[in-house]
Each structure stands twice: as C-alpha cells, then as structure tokens.
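Reader: I have a model open and would like to go through it with you. Could we look at what stands behind each label?

Author: Gladly; here it is.

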Amino acid sequence: MKEWLRSIPAVHELQNHGEFLDLLNESQLDHSQLTKQLKNTLEQIRYSIINDQWQGAIPGTTQFIDELFTTMKVKVKKQLSYTIEKVINATGTILHTNLGRARLSKKAIRHVVETAHNYSNLEYKLNEGERGSRHSHVETLLKDITGAEAAMVVNNNASAVYLVLRALAKNKEVIVSRGQLVEIGGSFRISSIMEESGALLKEVGTTNKTHLYDYENAVSAETAIVMKVHTSNFKVVGFTKSVETEELIELTKRLEGVVFYEDLGSGVLYDFRKHGIGEEPVVKEVIELGADVVTFSGDKLLGGPQAGIIVGKKCVIDRLKKHQLARVVRVDKMTLAALEGTLIDYARSETAMRNIPTIRDLLVSLNELDERSKAFVTKLLQRTNRFQAKVFQDASQVGGGTMPDVLLPTMVIALKHESLTAEQLARKLRTESKPAIIARIQKDEFLLDLRTVTPEEEDILLEALQNINPS
Ligand SMILES: *Cc1c(COP(=O)(O)O)cnc(C)c1O
C-alpha cells in the first residue's frame, strides 16, 4: 500500500503532462482551477488506496496515468455543464410545475433571442427621442385583449397580489370569503401574503358558505378592498354558496373608495369552456363586469413566461405603477419580449392562438393522439423487439394547480420491457437518456402520453427506447 502511495506522481509532474495541458486548453479553465481538480482527484485515489478500496490501475503504470486523466476529463465536463437541461415531458401534464410550466411559442422565443441579443427601445420613445416606460410595450396588447383601461406586468402573480394589497390596502381592511383563503402550490397563501403586505384581512362567511350580507356587514370606514380569489386549484363540493363577482362589484360600486379586486390565479385569455374544458372565466368577462383590478399568471393557462399581469381601471393601475414596490417587482426585457411574443397571437385569430404550445396541447383531439400513438408503436416495434406495447384511452391533467377537476381524454402508450420493470425503465430514461425523458408510472405500468411530446421529440423517444441498455 505504501508502495502504491509513493508511486503516485507529484502534482507538479502531472501539471506538465501533455494530457493536463490539453485539458487546460480544451476546457478553458484557469490553471489553478484545473490544478484544484487534479489535487481533488489524487486525494480521492489516496483515500481509496488507504481504505483498501482502490480498484483502478496500479500506480506507477502508464495505465494509471491514463485512467487518472480520464477521470479528470469526466469531472471537468460535469463541472462545466449546465444544470438546467432540456427534458422531454411524456407525462401528458401540460403545465407541469416541476418541469417549468408553460413552453413558449416559436414567436415568443424568437422575440426573446432578438431582444437579448441587441439593444432595444425598452424604455425609449423612438418618435420623441426621449425616455419611455417599459410598461408601454405590452400594455396596448393587454388592453385590446382584455378590454381593460390599463395594464402592467410584474415578476409573477404572487408579486402582483402583493403589490395590489400593499399599494391599495396597507393598514386598511381587505374583505375575503373564508372559503377562498387557499394555499396554492404549497407555498403561496393569500393570508400570509396579506399579512406581509400590511393589509388587514377581514374574513367573512364560513368555509362552505358566504352570503352577500356577510360582506355588507363587514364593510367599514377602514375597508379598502373587497377581494375575490379564484380558487382554481381547489373545489368545495356539496352544500356551498359563494357570492358571484357581479354582486360584489355592485356592492363595491355603492361604497366610496372601496375597490373590487379579483385574483384570477391562472387567468385565461382563451375560452376553453367552448370545448367543454373547465369553467375558467375569460379575463375580458371579469373586466366587462366592472372589476377595478384583476391579477393573473403569465405562465399558467396563458402559456407565456413567468409573469404577473395586472389589468383594470386606469386610476387604480396608475397608483400601482407609481408605487415604489413596482420597481422591486419589475420584469426584465426578456420576460416582456416573451410575453409580447405570446400576446400577439391572442390578438389574432383562433388559429394563431394554437401556435401557443399550452393552447395547442390542451385542444389536441383524441383522434390525433390515437393516430400518433398507434404510429409510434408501429415504428417502435419495427426497430426493436424488446417491448410489448398497447395503446388505450386514459386522461391527462392540465397541471400547474389549474383546472384540478378537469381530466382531458387522452391516449396513452403502455410499454412493457422484456427484462426491466416499469420503475427501472422510467429511471433509465430519466438518468441515461439525453435529453432526459420523464414518463408516467400508473398502477405499475410505464405510460407515455404524447399530448406533451412534439413530433420531433417522438423521434428522440424512439431512439432512446431502441437504445436502452437493459443491464
Ligand atoms: C398560481 C396562483 C397565484 C400565484 O401565481 P404565480 O404566477 O405562480 O406567482 C396566485 N393566486 C392564485 C389564485 C393562483 O392560482
């Protein structure tokens, strides 16, 4: 053992080795950084030798040096690779929160790349040659699409809620129904945000029933906001009553200085109800009813980048824009570009809206999924005989905490490998394929749902399944 330890070359000798110099050149790492990697690697080898666990070549041989540099190359590659990487989502869940929620449209992506690559008129009026506002870029589109008088965009919907409460109701009362004090995604609680904002929460009604008179009785000179939270990720069934938006708007109109605010959560710009999908109100409707301010997410059912969108009466939005906090939660130019690229399609036709992956994937027909799934199985079985496959009808989820009770009819491909269990197969595709493939395991069955897989990704999937290494 001592002999082995003594035979490990010194760091300064290895630093002059051709392999070290090549690696230095290829990796563009600093000399000291690569030396650190070298020292770490040697340290690990010594540790293994001392603990009688060394399985590599014997120190002193040329094979030992070869192995040492091979290990170094792997480490350097890992050190310099991105940790956020592309994955193929074969779960069928469209807004998978753990997989980055919405995928952007091609148009949105092109606009982001252009904007990132160049200078832009982000805060500059080209006609006047003077300072402009970053809010102006998507405001006109949002006004057109939602019918609101004014609009602004912040980092995410959580910050939109915070800004509205802080700017309009600090040290004042906000009336909310007990049935709407929900927790979203395990980390967002209206009551906690309210507390942080300095607004005073006044809960009315009970968990399952809130009447208009509950609100009427709660109103005082200290009331700033009557708030409605769209409980999109949670449903009370049975003996329930909630007061409709219309009635609450009518109530607040009668009250001097009280604002009606609805947090729509997901907030849709496309009416999925006409396809029998869910019960999400379109933002435009809530504005038409006369809501003073409405907030919603950019990357839920809208299908854009992470953002919080605030629309409503001009006098209210102006107060928000002027508030100091608006600067704290402001969005960057890439988000604005991604949002503009997405909204442009909403300002066009129904066909254009289907350029948005979220909308496309939600509306894809069962027939199309059936044809694609069957064609996929045929291709797979032509390439490899290691699988048994069947296609059957199942359901996909929308995800992202939206439309929890909606199950979209879908077709799934169930695959059974000749020697791997469903879990083993899923693990291999997750850890050994590049890009990683995330599938669904349901009742011990390995399932692929092509709803969230593009035709280009299907080829990658086929390739990965064909090349799976069963050992
Ligand atoms: C999702 C959601 C939020 C938070 O939105 P983010 O964009 O994720 O910050 C706030 N309110 C409601 C009702 C939601 O559903």
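**Reasons behind the labels**

Author: Let us begin at a turn: Gln442 stands opposite Glu445 in β17. Please keep in mind that this is a predicted model.

Reader: What makes β16 and β17 a hairpin?

Author: Strand β16 (residues 440-442) pairs with β17 in the antiparallel sense, and two residues lie between the strands. In that turn, Lys443 has a positive phi of about 50°.

Reader: How do you know that β16 and β17 pair?

Author: Two strands pair if DSSP finds at least two bridges between them. Between β16 and β17 there are three bridges, so the pairing condition is met.

Reader: Which other strand is joined to β17, and by how many bridges?

Author: That is β14 (residues 402-417), joined to β17 by four bridges and running antiparallel to it. One of the bridge partners here is Leu448 in β17, which faces Ile413.

Reader: Why is β17 called largely enclosed?

Author: Buried means under 20% relative accessible area. Four of the five residues of β17 (residues 445-449) are buried, so the strand is largely enclosed by the rest of the structure.

Reader: What is the strand order in the open sheet of seven strands?

Author: The order is β4-β12-β11-β10-β9-β5-β8, and the pairing is mixed.

Reader: Why are β4 and β8 said to stand at the edges?

Author: β4 (150-154) and β8 (200-204) each have a single partner strand, so one side of each is left without a neighbour in the sheet. From one strand to the next, the twist averages 25°.

Reader: How do you know that β5 and β9 are paired?

Author: The rule asks for at least two bridges, and β5 (residues 173-177) and β9 (residues 223-229) have three, in the parallel sense. Among the residues involved, Ile175 has Val226 in β9 as its bridge partner.

Reader: What does helix α9 touch in this sheet?

Author: Helix α9 (residues 190-197) packs on the sheet and touches β5, β8, β9 and β10 (259-265). The direction of α9 makes about 155° with that of β9.

Reader: Lys228 lies in β9 too. Why does Lys228 count as buried?

Author: The cut-off for buried is under 20%. Lys228 has 12% relative accessibility, so Lys228 counts as buried. Leaving out residues up to four places away in sequence, Lys228 touches Gln180, Val243, Glu244, Thr245, Leu248, Phe260, Tyr261, Glu262 and Asp263.

Reader: What makes a space a cavity, and how many of 30 Å³ or more are there?

Author: In a cavity a 1.4 Å probe fits but cannot get out. The count comes to one cavity of 30 Å³ or more, and the largest cavity holds about 30 Å³ of space. The residues lining the largest cavity are Arg134, His135, Val138, Val153, Val331 and Leu336.

Reader: How does that lining divide by class?

Author: Into four nonpolar, one polar and one charged residues. Val and Leu count as nonpolar and Arg as charged.

Reader: What is the volume of the second largest pocket, and which residues lie nearest its centre?

Author: The second largest pocket has a volume of about 630 Å³. Its lining has 22 residues, and Val87, Leu99, Gly100, Ala102 and Arg103 lie nearest its centre. Two or more lining residues come from each of β1 (87-89), α17 (357-363) and α20 (455-466). By class, the lining of this pocket has nine nonpolar, six polar and seven charged residues.

Key: Residues are numbered from 1 along each chain as its sequence is written. This is a predicted model: local features need pLDDT of at least 70, side-chain atom pairs count only at pLDDT 80 or more; totals for chains, interfaces and linings use all residues. Side-chain values use heavy atoms; hydrogens and water are left out. Axes are lines fitted to C-alpha atoms, for helices over the stretch in contact, and angles run from 0 to 180 degrees between N-to-C directions. Contact means heavy atoms within 4.5 Å. On a 1 Å grid over the protein atoms alone, a cavity is a set of points where a 1.4 Å probe fits but cannot get out, and a pocket is an open set with protein on both sides within 12 Å along at least five of seven lines; lining residues have an atom within 4 Å of a point. Grid points are joined across faces, edges and corners, and a volume is the space filled by probe spheres set on the points. Buried means under 20% relative accessible area, exposed over 50%, partly exposed in between (1.4 Å probe, protein chains only).
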